[in-house]
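The following exercises are to be worked through with the sequence and the three-dimensional model side by side. Each task is followed by a solution in steps.

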Amino acid sequence: VGRCIALAALAWACGPADASVNGEVAISSQLVDRGVAITRPGAAFQGAVSWSWSSGWSLGAAAGIELRDPGHVAESLVQVSRYWPVSSDWRMQARLLYYHYSGVASVGHYETGLAWIYRDTLTFGLSGIYSPDRDHRLRPAADLDFRWPLRWNFSIAAGAGVANYVTPPYKQYEHGIASYYRYGHLELSWADGPWQFRLERLLMTDGDRERKNELLAKFIETFNP
């Protein structure tokens, strides 16, 4: 909690008082991070709130619970980030996160990263993840994501990445975890005002020496308090 408060104070200090506020609530079929399942398959509730300033700074916080165990927070995070334009087509984002997962082992991670964004269509990001509760190593990750709008409020997206395993899954694997793993996904989404629905196919996760092919769904409502 103290780490989250410190990051929140940093964000407020970096921007003027006239912040715009957005919130989001979602129901999803499972909590997944970078291709690794955080929870068992089953309905999960997520909530998020963010503040953004015209200077490019933003602050966000989010949490998720399994509906089968509503008294237990499965994931939580806080993020401070800043966007700035590079050209008429490109912009960059720098971010700092602290996030916590409560699985087989309860651990927290820090993450810092840079992302290059082309017209809100193509995003390439590099990250370094540090876990003081585990082995004190800086673990790299890279992500590439593509999104394209279609007719009738639909859009498609695809992504791929490689990461050094950091997130504890909801179960222990008997044969251990590879140092690096690859993952990818395809997504079909629909949006109308504050309402969104996403259907995502998780194509591959080989960090646990097993290949997975899962279908995930998420229903989202965005609101402006």
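**Exercise 1. Describe how strand 4 pairs with strand 5, and then with strand 1.**

Step 1. Strand 4 is paired with strand 5 (residues 57-66) in the antiparallel sense, through nine bridges. To locate the register, begin at A48: its bridge partner in strand 5 is A62.

Step 2. Examine the hairpin formed by strand 4 and strand 5. Four residues lie between the strands, and G56 adopts a positive phi near 105 degrees.

Step 3. Turn to strand 1 (residues 20-28). Nine bridges connect strand 1 to strand 4 (residues 44-52), and the two run antiparallel. Here V25 is placed opposite G47 of strand 4.

**Exercise 2. State the overall composition of the chain and the confidence assigned to its parts.**

Step 1. Count the elements: the chain contains one helix and 14 strands.

Step 2. Consider confidence, as this is a predicted model. The mean pLDDT of the chain is 81, and 77% of the residues reach at least 70. Among the elements, the lowest mean pLDDT, 53, belongs to helix 1 (residues 2-14), and the highest, 93, to strand 9 (residues 122-130).

Step 3. Consider burial and contact range. Of the 225 residues in the chain, 37% are buried. When contacts between residues at least 6 apart in sequence are taken, 45% of them join residues at least 24 apart.

**Exercise 3. Determine the surroundings of D143 and of A142.**

Step 1. Place D143 in strand 10 (residues 138-149). Is D143 buried or exposed? Its relative accessible area is 17%, so D143 is buried, the limit for that class being under 20%.

Step 2. Identify the side-chain partners. The side chain of D143 makes a polar contact with that of Y183 at 2.5 Å. A further polar contact, of 3.4 Å, joins the side chains of D143 and R34.

Step 3. List the wider contacts. Apart from neighbours within four places in sequence, D143 touches R34, T123, F124, G125, A160, G161 and Y183.

Step 4. Repeat the exercise for A142, which also belongs to strand 10. With neighbours within four places set aside, the contacts of A142 are G125, L126, A160, G161, V162 and Y183. A142 and L126 are 16 residues apart in sequence, yet their C-alpha atoms are 4.7 Å apart.

**Exercise 4. Classify two of the aromatic pairs, and find a charge placed over a ring.**

Step 1. The structure has seven aromatic pairs. In the pair of Y98 and Y110, the ring centres are 5.0 Å apart and the planes stand at 55 degrees, so the pair is tilted. Y98 lies in strand 7 (residues 90-102) and Y110 in strand 8 (residues 106-118), twelve residues apart.

Step 2. Compare accessibility within that pair. Y98 is buried at 7% relative accessibility, whereas Y110 is partly exposed at 27%.

Step 3. Proceed to F146 and W148. Their ring centres are 6.2 Å apart and their planes lie at 10 degrees, so this pair is stacked. F146 is partly exposed at 36% relative accessibility, and W148 is partly exposed at 45%.

Step 4. Locate the charge. R91 is positioned over the face of Y83, 4.4 Å from the ring centre.

**Exercise 5. Contrast the loop residue T39 with two residues of another loop.**

Step 1. T39 is situated in the loop between strand 3 (36-37) and strand 4. With a relative accessible area of 2%, T39 is buried. Its side chain reaches the backbone nitrogen of L31 at 3.2 Å.

Step 2. Move to the loop between strand 8 and strand 9, where R119 is found. R119 is exposed, at 53% relative accessibility. D120 lies in the loop between strand 8 and strand 9 as well, and D120 is exposed with a relative accessible area of 52%.

Step 3. Inspect the backbone. Most residues other than glycine have a negative phi. R119, although not a glycine, has a positive phi of about 50 degrees. D120, likewise not a glycine, has a positive phi of about 55 degrees.

Methods:
Residues are numbered from 1 along each chain as its sequence is written. This is a predicted model: local features need pLDDT of at least 70, side-chain atom pairs count only at pLDDT 80 or more; totals for chains, interfaces and linings use all residues. Side-chain values use heavy atoms; hydrogens and water are left out. Two strands pair if DSSP finds at least two bridges between them. pLDDT is the predictor's confidence in each residue, from 0 to 100. Buried means under 20% relative accessible area, exposed over 50%, partly exposed in between (1.4 Å probe, protein chains only). A polar contact is a pair of N or O atoms within 3.5 Å; within protein, one must be able to donate a hydrogen and the other to accept it, and residues adjacent in sequence count only if both atoms are side-chain atoms. Contact means heavy atoms within 4.5 Å. Rings of Phe, Tyr and Trp (its six-membered ring) pair if their centres lie within 6.5 Å; planes under 30 degrees apart count as stacked, over 60 as edge-to-face and the rest as tilted. A charge sits over a ring if NZ of Lys or CZ of Arg is within 6 Å of the ring centre and within 35 degrees of the ring normal.
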